[in-house]
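Student: Please take a close look at the aromatic residues in this model and at the packing around them. What holds that part together, and how does it fit into the whole assembly?

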Protein chains: 2
Amino acid sequence: MTDKPRSELDAGRERAIDVAESIIDERGASALNLGEVATRLGLPLVAMARWFENQDALLEAIAGRWFRPKIAIMEEVVASDLPPRRKMYEFYARRFTAIRDSYRADPVRLRTYADIGNQHYEAVRSYVDLGDHYLCEIIAEAMADGHFPGLSIDEALSLINQMLAAYVNIALMVQVMDRLTEDKLARIVDAVFAGLSAEDRGAKGVTGLRAA
Amino acid sequence: MTDKPRSELDAGRERAIDVAESIIDERGASALNLGEVATRLGLPLVAMARWFENQDALLEAIAGRWFRPKIAIMEEVVASDLPPRRKMYEFYARRFTAIRDSYRADPVRLRTYADIGNQHYEAVRSYVDLGDHYLCEIIAEAMADGHFPGLSIDEALSLINQMLAAYVNIALMVQVMDRLTEDKLARIVDAVFAGLSAEDRGAKGVTGLRAA
(Lines give C-alpha, C1' and ligand atoms only; values in the text may rest on other atoms or scores of the structure.)
Protein backbone atom coordinates (compact mmCIF):
# COMPACT_ATOMS: atom_id res chain seq x y z
CA MET A 1 0.00 0.00 0.00
CA THR A 2 2.86 2.41 0.66
CA ASP A 3 4.64 1.57 -2.59
CA LYS A 4 2.62 3.66 -4.96
CA PRO A 5 2.80 7.04 -3.20
CA ARG A 6 6.50 6.37 -2.57
CA SER A 7 7.31 5.78 -6.24
CA GLU A 8 5.14 8.73 -7.34
CA LEU A 9 7.11 10.92 -4.97
CA ASP A 10 10.35 9.49 -6.38
CA ALA A 11 9.20 10.01 -9.97
CA GLY A 12 8.38 13.66 -9.29
CA ARG A 13 11.69 14.12 -7.55
CA GLU A 14 13.65 12.54 -10.42
CA ARG A 15 11.81 14.79 -12.87
CA ALA A 16 12.76 17.84 -10.78
CA ILE A 17 16.41 16.71 -10.86
CA ASP A 18 16.17 16.33 -14.68
CA VAL A 19 14.94 19.93 -14.88
CA ALA A 20 17.67 21.15 -12.50
CA GLU A 21 20.31 19.48 -14.71
CA SER A 22 18.83 21.13 -17.82
CA ILE A 23 19.10 24.53 -16.11
CA ILE A 24 22.77 23.86 -15.25
CA ASP A 25 23.48 22.65 -18.82
CA GLU A 26 21.80 25.65 -20.42
CA ARG A 27 22.70 28.50 -18.08
CA GLY A 28 25.31 27.28 -15.63
CA ALA A 29 25.19 26.36 -11.94
CA SER A 30 24.67 29.96 -10.79
CA ALA A 31 21.27 30.03 -12.57
CA LEU A 32 20.02 27.05 -10.54
CA ASN A 33 17.41 27.69 -7.84
CA LEU A 34 14.26 25.95 -6.62
CA GLY A 35 12.03 28.72 -8.01
CA GLU A 36 13.32 28.21 -11.55
CA VAL A 37 12.86 24.43 -11.26
CA ALA A 38 9.25 24.95 -10.03
CA THR A 39 8.49 27.38 -12.88
CA ARG A 40 9.75 24.94 -15.50
CA LEU A 41 7.67 22.13 -13.97
CA GLY A 42 4.61 24.41 -13.90
CA LEU A 43 4.32 23.93 -10.14
CA PRO A 44 4.05 26.42 -7.28
CA LEU A 45 7.30 26.87 -5.32
CA VAL A 46 5.74 25.33 -2.19
CA ALA A 47 5.26 22.06 -4.10
CA MET A 48 9.06 21.70 -4.31
CA ALA A 49 9.25 21.38 -0.53
CA ARG A 50 7.97 17.78 -0.77
CA TRP A 51 11.21 16.84 -2.56
CA PHE A 52 13.86 19.32 -1.43
CA GLU A 53 14.07 21.13 1.87
CA ASN A 54 16.27 23.80 0.31
CA GLN A 55 18.80 24.54 -2.43
CA ASP A 56 21.47 22.42 -0.68
CA ALA A 57 19.13 19.40 -0.69
CA LEU A 58 18.65 19.86 -4.44
CA LEU A 59 22.44 19.99 -4.99
CA GLU A 60 22.84 16.87 -2.84
CA ALA A 61 20.26 15.09 -4.99
CA ILE A 62 22.17 16.07 -8.15
CA ALA A 63 25.42 14.82 -6.58
CA GLY A 64 23.62 11.64 -5.52
CA ARG A 65 22.58 10.90 -9.08
CA TRP A 66 26.09 11.68 -10.37
CA PHE A 67 27.78 9.37 -7.87
CA ARG A 68 25.28 6.48 -8.03
CA PRO A 69 26.98 4.61 -10.94
CA LYS A 70 30.45 5.23 -9.37
CA ILE A 71 29.24 3.67 -6.11
CA ALA A 72 27.90 0.68 -8.06
CA ILE A 73 31.38 0.26 -9.64
CA MET A 74 33.12 0.41 -6.26
CA GLU A 75 30.71 -2.12 -4.71
CA GLU A 76 31.10 -4.48 -7.65
CA VAL A 77 34.92 -4.34 -7.53
CA VAL A 78 35.14 -4.78 -3.76
CA ALA A 79 32.70 -7.73 -3.84
CA SER A 80 34.65 -9.45 -6.66
CA ASP A 81 37.18 -12.20 -5.93
CA LEU A 82 40.06 -10.51 -7.78
CA PRO A 83 43.42 -10.37 -5.96
CA PRO A 84 43.90 -7.07 -4.04
CA ARG A 85 46.35 -5.47 -6.51
CA ARG A 86 44.05 -6.09 -9.44
CA LYS A 87 41.11 -4.93 -7.32
CA MET A 88 42.84 -1.63 -6.63
CA TYR A 89 43.53 -1.16 -10.34
CA GLU A 90 39.89 -1.88 -11.28
CA PHE A 91 38.64 0.29 -8.39
CA TYR A 92 40.27 3.30 -10.09
CA ALA A 93 40.24 2.24 -13.76
CA ARG A 94 36.50 1.56 -14.09
CA ARG A 95 35.54 4.91 -12.54
CA PHE A 96 38.26 6.75 -14.48
CA THR A 97 37.12 5.37 -17.84
CA ALA A 98 33.45 6.13 -17.01
CA ILE A 99 34.34 9.73 -16.16
CA ARG A 100 36.60 10.00 -19.22
CA ASP A 101 33.62 8.89 -21.36
CA SER A 102 31.52 11.73 -19.85
CA TYR A 103 34.38 14.11 -20.51
CA ARG A 104 34.69 13.08 -24.14
CA ALA A 105 30.91 13.34 -24.62
CA ASP A 106 30.75 16.84 -23.11
CA PRO A 107 33.91 18.37 -21.54
CA VAL A 108 32.16 21.63 -20.57
CA ARG A 109 29.48 19.72 -18.68
CA LEU A 110 32.03 17.70 -16.71
CA ARG A 111 33.97 20.88 -15.82
CA THR A 112 30.72 22.49 -14.64
CA TYR A 113 29.94 19.52 -12.40
CA ALA A 114 33.52 19.55 -11.06
CA ASP A 115 33.10 23.24 -10.17
CA ILE A 116 29.76 22.57 -8.46
CA GLY A 117 31.40 19.78 -6.47
CA ASN A 118 34.24 22.09 -5.38
CA GLN A 119 31.85 24.87 -4.39
CA HIS A 120 29.44 22.58 -2.52
CA TYR A 121 31.84 20.08 -1.04
CA GLU A 122 29.38 19.15 1.74
CA ALA A 123 27.21 17.50 -0.96
CA VAL A 124 30.22 15.41 -2.09
CA ARG A 125 31.83 14.55 1.22
CA SER A 126 29.72 11.46 2.03
CA TYR A 127 30.68 9.92 -1.34
CA VAL A 128 34.37 10.64 -0.78
CA ASP A 129 34.06 9.01 2.64
CA LEU A 130 32.35 5.99 1.08
CA GLY A 131 35.21 5.71 -1.47
CA ASP A 132 37.71 5.77 1.41
CA HIS A 133 35.72 3.06 3.19
CA TYR A 134 35.88 0.73 0.18
CA LEU A 135 39.54 1.51 -0.50
CA CYS A 136 40.33 0.59 3.12
CA GLU A 137 38.78 -2.83 2.49
CA ILE A 138 41.12 -3.37 -0.47
CA ILE A 139 44.10 -2.11 1.56
CA ALA A 140 43.26 -4.50 4.41
CA GLU A 141 43.18 -7.42 1.95
CA ALA A 142 46.54 -6.32 0.51
CA MET A 143 48.01 -6.08 4.02
CA ALA A 144 46.81 -9.60 4.77
CA ASP A 145 49.01 -10.62 1.81
CA GLY A 146 51.99 -8.79 3.36
CA HIS A 147 51.85 -5.50 1.43
CA PHE A 148 52.55 -2.01 2.85
CA PRO A 149 54.68 -3.33 5.74
CA GLY A 150 54.73 -1.12 8.82
CA LEU A 151 52.00 1.24 7.62
CA SER A 152 48.63 1.55 9.35
CA ILE A 153 45.51 1.28 7.15
CA ASP A 154 44.92 5.03 7.57
CA GLU A 155 48.50 5.89 6.57
CA ALA A 156 48.28 3.64 3.51
CA LEU A 157 44.88 5.15 2.63
CA SER A 158 46.23 8.69 2.74
CA LEU A 159 49.36 7.85 0.71
CA ILE A 160 47.39 5.94 -1.95
CA ASN A 161 44.79 8.73 -2.20
CA GLN A 162 47.64 11.18 -2.83
CA MET A 163 49.50 8.99 -5.35
CA LEU A 164 46.35 8.31 -7.37
CA ALA A 165 44.68 11.74 -7.07
CA ALA A 166 44.88 12.37 -10.83
CA TYR A 167 42.65 9.32 -11.48
CA VAL A 168 39.92 10.14 -8.96
CA ASN A 169 39.87 13.88 -8.16
CA ILE A 170 37.56 15.28 -10.85
CA ALA A 171 38.98 18.82 -10.79
CA LEU A 172 42.54 17.52 -11.25
CA MET A 173 41.42 14.87 -13.75
CA VAL A 174 39.83 17.40 -16.13
CA GLN A 175 42.99 19.55 -15.87
CA VAL A 176 45.29 16.73 -17.05
CA MET A 177 42.85 14.39 -18.86
CA ASP A 178 44.88 14.14 -22.07
CA ARG A 179 47.86 12.76 -20.13
CA LEU A 180 45.93 10.07 -18.21
CA THR A 181 45.85 6.48 -19.49
CA GLU A 182 44.95 3.05 -18.12
CA ASP A 183 48.54 2.01 -18.82
CA LYS A 184 49.96 4.74 -16.56
CA LEU A 185 47.35 3.97 -13.92
CA ALA A 186 48.48 0.32 -13.97
CA ARG A 187 52.13 1.38 -13.53
CA ILE A 188 51.24 3.63 -10.60
CA VAL A 189 49.23 0.88 -8.88
CA ASP A 190 52.17 -1.48 -9.43
CA ALA A 191 54.51 1.16 -7.91
CA VAL A 192 52.16 1.46 -4.91
CA PHE A 193 52.32 -2.31 -4.34
CA ALA A 194 56.03 -2.68 -5.05
CA GLY A 195 57.20 0.44 -3.24
CA LEU A 196 54.91 1.60 -0.46
CA SER A 197 56.10 0.67 3.03
CA ALA A 198 57.28 2.14 6.31
CA GLU A 199 60.48 0.08 6.27
CA ASP A 200 63.78 1.79 6.90
CA ARG A 201 65.53 1.94 3.55
CA GLY A 202 68.83 2.98 5.08
CA ALA A 203 71.09 5.45 3.34
CA LYS A 204 69.43 4.66 0.00
CA GLY A 205 65.95 5.87 0.96
CA VAL A 206 64.70 9.32 1.84
CA THR A 207 62.07 8.15 4.35
CA GLY A 208 64.71 8.00 7.07
CA LEU A 209 65.52 11.71 6.57
CA ARG A 210 62.33 12.67 8.37
CA ALA A 211 62.88 10.29 11.27
CA ALA A 212 66.51 11.39 11.74
CA MET B 1 75.33 54.02 -19.60
CA THR B 2 72.35 51.76 -20.20
CA ASP B 3 72.25 50.51 -16.63
CA LYS B 4 70.47 53.40 -14.99
CA PRO B 5 67.46 53.74 -17.31
CA ARG B 6 67.18 49.94 -17.22
CA SER B 7 66.98 49.79 -13.43
CA GLU B 8 64.62 52.78 -13.27
CA LEU B 9 62.36 50.95 -15.69
CA ASP B 10 62.59 47.81 -13.54
CA ALA B 11 61.90 49.78 -10.34
CA GLY B 12 58.76 51.32 -11.86
CA ARG B 13 57.66 47.94 -13.13
CA GLU B 14 58.17 46.29 -9.74
CA ARG B 15 56.17 49.09 -8.08
CA ALA B 16 53.34 48.51 -10.55
CA ILE B 17 53.37 44.80 -9.70
CA ASP B 18 53.23 45.71 -5.97
CA VAL B 19 50.14 47.81 -6.66
CA ALA B 20 48.57 45.06 -8.79
CA GLU B 21 49.08 42.59 -5.92
CA SER B 22 47.45 45.03 -3.47
CA ILE B 23 44.42 45.29 -5.75
CA ILE B 24 44.16 41.48 -5.87
CA ASP B 25 44.55 41.22 -2.08
CA GLU B 26 41.94 43.89 -1.38
CA ARG B 27 39.35 43.27 -4.06
CA GLY B 28 40.14 39.98 -5.79
CA ALA B 29 41.58 39.13 -9.19
CA SER B 30 38.48 40.28 -11.09
CA ALA B 31 39.12 43.87 -9.93
CA LEU B 32 42.59 43.91 -11.50
CA ASN B 33 43.13 45.97 -14.63
CA LEU B 34 45.84 48.27 -15.97
CA GLY B 35 43.64 51.36 -15.51
CA GLU B 36 43.23 50.72 -11.78
CA VAL B 37 47.00 50.17 -11.39
CA ALA B 38 47.69 53.45 -13.25
CA THR B 39 45.18 55.35 -11.08
CA ARG B 40 46.74 54.10 -7.85
CA LEU B 41 50.22 55.03 -9.12
CA GLY B 42 48.93 58.50 -10.11
CA LEU B 43 50.00 57.89 -13.71
CA PRO B 44 48.12 58.18 -17.01
CA LEU B 45 47.10 54.82 -18.48
CA VAL B 46 49.46 55.26 -21.46
CA ALA B 47 52.43 55.32 -19.05
CA MET B 48 51.69 51.68 -18.16
CA ALA B 49 52.50 50.63 -21.74
CA ARG B 50 56.23 51.00 -20.98
CA TRP B 51 55.95 48.07 -18.57
CA PHE B 52 53.02 45.95 -19.73
CA GLU B 53 51.75 45.54 -23.24
CA ASN B 54 48.36 44.44 -21.92
CA GLN B 55 46.54 42.77 -19.02
CA ASP B 56 48.06 39.36 -19.89
CA ALA B 57 51.57 40.83 -19.64
CA LEU B 58 50.71 42.16 -16.17
CA LEU B 59 49.44 38.72 -15.09
CA GLU B 60 52.61 37.13 -16.48
CA ALA B 61 54.70 39.56 -14.45
CA ILE B 62 52.76 38.65 -11.28
CA ALA B 63 53.26 34.94 -12.06
CA GLY B 64 56.96 35.64 -12.72
CA ARG B 65 57.40 37.15 -9.25
CA TRP B 66 55.47 34.28 -7.65
CA PHE B 67 57.55 31.59 -9.35
CA ARG B 68 60.99 33.26 -8.99
CA PRO B 69 61.83 31.75 -5.55
CA LYS B 70 60.50 28.34 -6.66
CA ILE B 71 62.81 28.41 -9.69
CA ALA B 72 65.73 29.32 -7.40
CA ILE B 73 64.91 26.24 -5.26
CA MET B 74 64.78 23.95 -8.31
CA GLU B 75 68.09 25.27 -9.66
CA GLU B 76 69.78 24.89 -6.29
CA VAL B 77 68.56 21.30 -5.85
CA VAL B 78 69.48 20.22 -9.39
CA ALA B 79 72.97 21.78 -9.08
CA SER B 80 73.61 20.06 -5.72
CA ASP B 81 75.61 16.83 -5.49
CA LEU B 82 72.92 14.92 -3.62
CA PRO B 83 72.09 11.42 -4.89
CA PRO B 84 69.10 11.40 -7.32
CA ARG B 85 66.53 9.98 -4.89
CA ARG B 86 67.33 12.59 -2.29
CA LYS B 87 67.38 15.25 -5.01
CA MET B 88 63.87 14.30 -6.07
CA TYR B 89 62.68 14.51 -2.47
CA GLU B 90 64.26 17.96 -1.97
CA PHE B 91 62.98 19.12 -5.39
CA TYR B 92 59.43 18.69 -4.10
CA ALA B 93 59.89 19.17 -0.33
CA ARG B 94 61.53 22.61 -0.45
CA ARG B 95 58.89 24.06 -2.76
CA PHE B 96 56.07 22.35 -0.85
CA THR B 97 57.20 23.75 2.52
CA ALA B 98 57.65 27.24 1.01
CA ILE B 99 54.11 27.14 -0.41
CA ARG B 100 52.74 25.71 2.85
CA ASP B 101 54.33 28.65 4.68
CA SER B 102 52.48 31.06 2.34
CA TYR B 103 49.31 29.09 2.94
CA ARG B 104 49.64 29.26 6.71
CA ALA B 105 50.40 32.99 6.54
CA ASP B 106 47.36 33.72 4.36
CA PRO B 107 45.26 30.82 3.02
CA VAL B 108 42.81 33.10 1.17
CA ARG B 109 45.66 34.78 -0.70
CA LEU B 110 47.15 31.45 -1.83
CA ARG B 111 43.72 30.24 -3.01
CA THR B 112 43.27 33.49 -4.96
CA TYR B 113 46.65 33.02 -6.66
CA ALA B 114 45.82 29.39 -7.43
CA ASP B 115 42.56 30.52 -9.08
CA ILE B 116 44.41 33.17 -11.10
CA GLY B 117 46.88 30.51 -12.23
CA ASN B 118 44.05 28.19 -13.32
CA GLN B 119 42.23 30.93 -15.20
CA HIS B 120 45.37 32.27 -16.92
CA TYR B 121 47.28 29.08 -17.50
CA GLU B 122 49.29 30.62 -20.36
CA ALA B 123 51.07 32.79 -17.75
CA VAL B 124 52.01 29.65 -15.78
CA ARG B 125 52.88 27.24 -18.57
CA SER B 126 56.53 28.29 -19.05
CA TYR B 127 57.21 27.67 -15.34
CA VAL B 128 55.54 24.27 -15.45
CA ASP B 129 57.71 23.46 -18.50
CA LEU B 130 60.82 24.62 -16.63
CA GLY B 131 59.89 22.37 -13.70
CA ASP B 132 59.54 19.43 -16.11
CA HIS B 133 62.94 20.26 -17.58
CA TYR B 134 64.65 20.13 -14.17
CA LEU B 135 62.75 17.01 -13.13
CA CYS B 136 63.96 15.31 -16.34
CA GLU B 137 67.55 16.02 -15.28
CA ILE B 138 66.95 14.26 -11.96
CA ILE B 139 65.17 11.36 -13.72
CA ALA B 140 68.13 10.97 -16.13
CA GLU B 141 70.55 10.80 -13.17
CA ALA B 142 68.33 8.19 -11.49
CA MET B 143 68.20 6.17 -14.72
CA ALA B 144 71.99 6.25 -14.94
CA ASP B 145 71.87 4.50 -11.52
CA GLY B 146 69.54 1.83 -12.94
CA HIS B 147 66.17 3.19 -11.75
CA PHE B 148 62.87 3.13 -13.71
CA PRO B 149 63.94 0.20 -15.95
CA GLY B 150 62.31 0.11 -19.37
CA LEU B 151 60.67 3.54 -19.08
CA SER B 152 61.60 6.47 -21.31
CA ILE B 153 62.42 9.77 -19.60
CA ASP B 154 59.11 11.22 -20.83
CA GLU B 155 57.12 8.24 -19.52
CA ALA B 156 58.84 8.48 -16.13
CA LEU B 157 58.26 12.26 -16.08
CA SER B 158 54.54 11.87 -16.70
CA LEU B 159 54.14 9.10 -14.09
CA ILE B 160 56.11 11.00 -11.44
CA ASN B 161 54.17 14.22 -12.13
CA GLN B 162 50.95 12.27 -11.59
CA MET B 163 52.12 10.46 -8.43
CA LEU B 164 53.35 13.67 -6.80
CA ALA B 165 50.63 16.06 -8.04
CA ALA B 166 49.41 16.78 -4.50
CA TYR B 167 52.83 18.25 -3.59
CA VAL B 168 53.21 20.54 -6.60
CA ASN B 169 49.82 21.38 -8.14
CA ILE B 170 48.76 24.46 -6.16
CA ALA B 171 44.99 23.99 -6.70
CA LEU B 172 45.13 20.39 -5.46
CA MET B 173 47.59 21.27 -2.68
CA VAL B 174 45.28 23.90 -1.12
CA GLN B 175 42.39 21.40 -1.32
CA VAL B 176 44.22 18.74 0.73
CA MET B 177 46.86 20.82 2.58
CA ASP B 178 46.06 19.48 6.05
CA ARG B 179 46.78 15.92 4.90
CA LEU B 180 50.18 16.67 3.28
CA THR B 181 53.41 16.09 5.23
CA GLU B 182 57.12 15.79 4.44
CA ASP B 183 56.99 12.29 5.87
CA LYS B 184 54.32 11.18 3.36
CA LEU B 185 56.19 12.92 0.55
CA ALA B 186 59.33 10.94 1.48
CA ARG B 187 57.34 7.66 1.41
CA ILE B 188 55.89 8.50 -2.00
CA VAL B 189 59.34 9.35 -3.43
CA ASP B 190 60.64 6.06 -1.99
CA ALA B 191 57.71 4.22 -3.64
CA VAL B 192 58.55 5.93 -6.95
CA PHE B 193 62.15 4.71 -6.73
CA ALA B 194 61.32 1.23 -5.39
CA GLY B 195 58.32 0.57 -7.61
CA LEU B 196 58.29 2.49 -10.87
CA SER B 197 59.33 0.44 -13.90
CA ALA B 198 58.10 -0.97 -17.17
CA GLU B 199 59.12 -4.50 -16.24
CA ASP B 200 56.66 -7.31 -16.68
CA ARG B 201 55.51 -8.27 -13.20
CA GLY B 202 53.82 -11.43 -14.39
CA ALA B 203 50.57 -12.58 -12.84
CA LYS B 204 51.31 -10.53 -9.72
CA GLY B 205 51.29 -7.14 -11.41
CA VAL B 206 48.53 -5.23 -13.15
CA THR B 207 50.76 -3.56 -15.73
CA GLY B 208 50.53 -6.66 -17.93
CA LEU B 209 46.73 -6.34 -18.07
CA ARG B 210 47.03 -3.45 -20.46
CA ALA B 211 49.53 -5.20 -22.69
CA ALA B 212 47.49 -8.42 -22.81
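Tutor: A good place to begin is B:Tyr167, which is buried at a relative accessible area of 1%; here buried means under 20%, exposed over 50% and partly exposed in between, with a 1.4 Å probe and protein chains only. B:Phe96 is likewise buried, at 0% relative accessibility. The model is predicted, so local features need pLDDT of at least 70 and side-chain atom pairs pLDDT 80 or more, whereas totals for chains, interfaces and linings use all residues. Residues are numbered from 1 along each chain as its sequence is written, chains are lettered from A and ligands numbered from 1 in written order, and side-chain values use heavy atoms, without hydrogens or water.

Over all chains there are 10 aromatic pairs, a pair being two rings of Phe, Tyr or Trp (its six-membered ring) with centres within 6.5 Å, stacked if the planes are under 30 degrees apart, edge-to-face if over 60 and tilted otherwise. One of them joins B:Trp66 to B:Phe67, edge-to-face, with 5.2 Å between centres and 75 degrees between planes. B:Trp66 is buried at 18% relative accessibility, and B:Phe67 is buried at 17%. B:Phe96 and B:Tyr167 make another edge-to-face pair, at 5.1 Å and 80 degrees. B:Phe96 belongs to helix 5 (residues 84–105) of chain B and B:Tyr167 to the loop between helix 8 (153–163) and helix 9 (170–176), so this pair ties together parts 71 residues apart in sequence. Helices are DSSP runs of H or I with at least four residues, strands are E runs of at least two, and both are numbered from the N terminus.

In chain A, A:Trp66, A:Phe67 and A:Tyr127 form one aromatic cluster. In chain B, the charged end of B:Arg95 lies over the face of B:Phe91, 4.2 Å from the ring centre. B:Arg95 also sits over the ring of B:Tyr92, at 5.5 Å; the rule asks for NZ of Lys or CZ of Arg within 6 Å of the ring centre and within 35 degrees of the ring normal.

Helix 8 of chain B has several buried residues, among them B:Leu157, B:Leu159, B:Ile160 and B:Met163. Their cover includes helix 8 and helix 10 (182–195) of chain A, together with helix 5, helix 7 (122–144) and helix 10 of chain B.

The largest nonpolar core (buried Ala, Val, Leu, Ile, Met, Phe, Trp, Tyr and Cys joined through side-chain atoms within 4.5 Å) has 150 residues, and those with the most contacts inside it are A:Met88, A:Phe148, A:Ile160, B:Met88, B:Phe148 and B:Ile160. Helix 4 (residues 55–79) of chain B supplies the largest share of this core, 13 residues. Leaving aside residues up to four places away in sequence, A:Ile160 touches A:Met88, A:Tyr92, A:Leu135, A:Ile139, A:Phe148, A:Val192 and A:Leu196; a contact means heavy atoms within 4.5 Å.

As for the whole, chain A has 11 helices and zero strands, and 48% of its 212 residues are buried. The C-alpha trace of chain A spans about 70 × 40 × 30 Å along its principal axes. A rotation of 180 degrees with 0.0 Å of shift along its axis superposes chain A on chain B, with RMSD 0.0 Å, by least squares on C-alpha atoms with pLDDT of at least 70 in both. The two copies are thus related as by a two-fold rotation axis. The same surface serves both copies, since 100% of the contact residues of chain A recur in chain B.
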